[in-house]
Amino acid sequence: MANFDFNEYIQENIKIIDSHLNNYLENRYPQKLWESMRYTVLADGKRLRPLLVMEAARACGGNIEEVIPTACAIEMIHSYSLIHDDLPCMDDDDFRRGNPTNHKVFGEATAVLAGDALLSHAPLLILENTPETVKKENLHFVLKELFEAIGPMGLIAGQVVDIESENEDIDIAKLEYIHTHKTGKLFIFALRAGAILSEASEEQLDALTYYAKHVGYSFQIADDILDIIGTKESLGKTPGKDIKSNKKTYPVLFGINEAKEEVKRLCTLAVNKLEENNVLTPALQNIADGIWQKVNK
């Protein structure tokens, strides 16, 4: 892994993802809707979730072309969640990825509908663009897991409990529910989808699922830490939102230092699991390391 240039890897893969996203979201009528969808999806971002889809495929010896539609679909779903999360009725934020939030540019009504459109368009994108070389049963299984991950037992459930928990004294069990649903479900889907479409073995799939759960949880804890210690310039969004909303995040409940140690512990477990099952790639190592490093600069 010594010769692996992670930054170069990231840039090369982001170019692939963005090129496909641009094609999949070709502007059409009604233009304001598609412009609103493109505004958030194509804004500069880490593209972490689609990268995880692609890297899971690589770890299992799969064909990247077979998973790109799913990788792009998950970025659309993530963008939908950001658009809705930033609305005044939810987290009420004016900036995302260094730009004015979607509703600030296109209005609340269009922003809501753009999020709805991305959520509904993503599964269609997978169905219409996944190559026929992928086994139908694997594609069906991936779509089933997608709907479970984003629906009322997944992402949306986590969003609801997160909103309900503002100004409440919650325990660790409820905090874990929020993190594992609002954030974790998309991480798990991303890695499982890349693996399933690549015909991974049960051992490979189990190891990647374990990695996804631990990295997803650590990613959210790190995000909550940065909300406290980060700046608007470094985050690309308004810091201090959780404290202002009186949210009981991991660093609020346990302190910054213990939260950092938990990030390190989770990332270490995730990497060790992949290594034990011979599916650790340089990129997956670097992604886990990067989560730990960003809260320890």
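Two residues are in contact here when heavy atoms of theirs lie within 4.5 Å. Keep that in mind as we walk through this chain, which is a predicted model.

Take leucine 284 to begin with. Setting aside neighbours within four places in sequence, leucine 284 touches Leu52, Glu55, Ala59, Leu191, Leu208, Tyr211, Leu274 and Val279. Two of those names come back when we look at the largest nonpolar core, a set of 89 residues: Leu52, Tyr211 and Leu284 are the ones with the most contacts inside it.

Now zoom out to the whole chain. Its secondary structure adds up to 15 helices and two strands. The radius of gyration is 18 Å, close to the 19 Å that the globule rule gives for 297 residues, so the chain is as compact as a globular protein of that length. Measure off the C-alpha trace along its principal axes and you get spans of about 50 × 50 × 35 Å. Buried residues make up 54% of the 297. As for who touches whom, take the contacts with a separation of 6 or more: 74% of them join residues 24 or more positions apart.

Then there's the outside. The chain exposes about 13500 Å², with carbon and sulfur atoms supplying 50% of that. One spot to look at is a nonpolar surface patch formed by Ile172, Leu253 and Phe254, which together have about 210 Å² of accessible area. Isoleucine 172 sits in helix 9, a helix that covers residues 172-197. Its relative accessibility is 33%, and because partly exposed means between 20% and 50%, isoleucine 172 counts as partly exposed.

Note on methods: Residues numbered from 1 in each chain as written. Predicted model: local features only at pLDDT ≥ 70, side-chain atom pairs only at ≥ 80, totals over all residues. Heavy atoms only, no water. Patch = residues over 30% accessible without salt bridge, like charges linked within 9 Å, V, L, I, M, F, W, Y side chains within 5 Å. Areas by Shrake-Rupley, 256 points an atom, 1.4 Å probe, with all protein chains shown as cover. Salt bridge = Lys/Arg side-chain N within 4 Å of Asp/Glu carboxyl O. Helix = DSSP H or I, 4+ residues; strand = E, 2+ residues; numbered from the N terminus. Buried < 20%, exposed > 50% of the residue type's maximum accessible area, 1.4 Å probe, protein only. Core = buried A, V, L, I, M, F, W, Y, C linked by side-chain atoms within 4.5 Å. Rg over C-alpha atoms; globule rule 2.2 N^0.38 Å.
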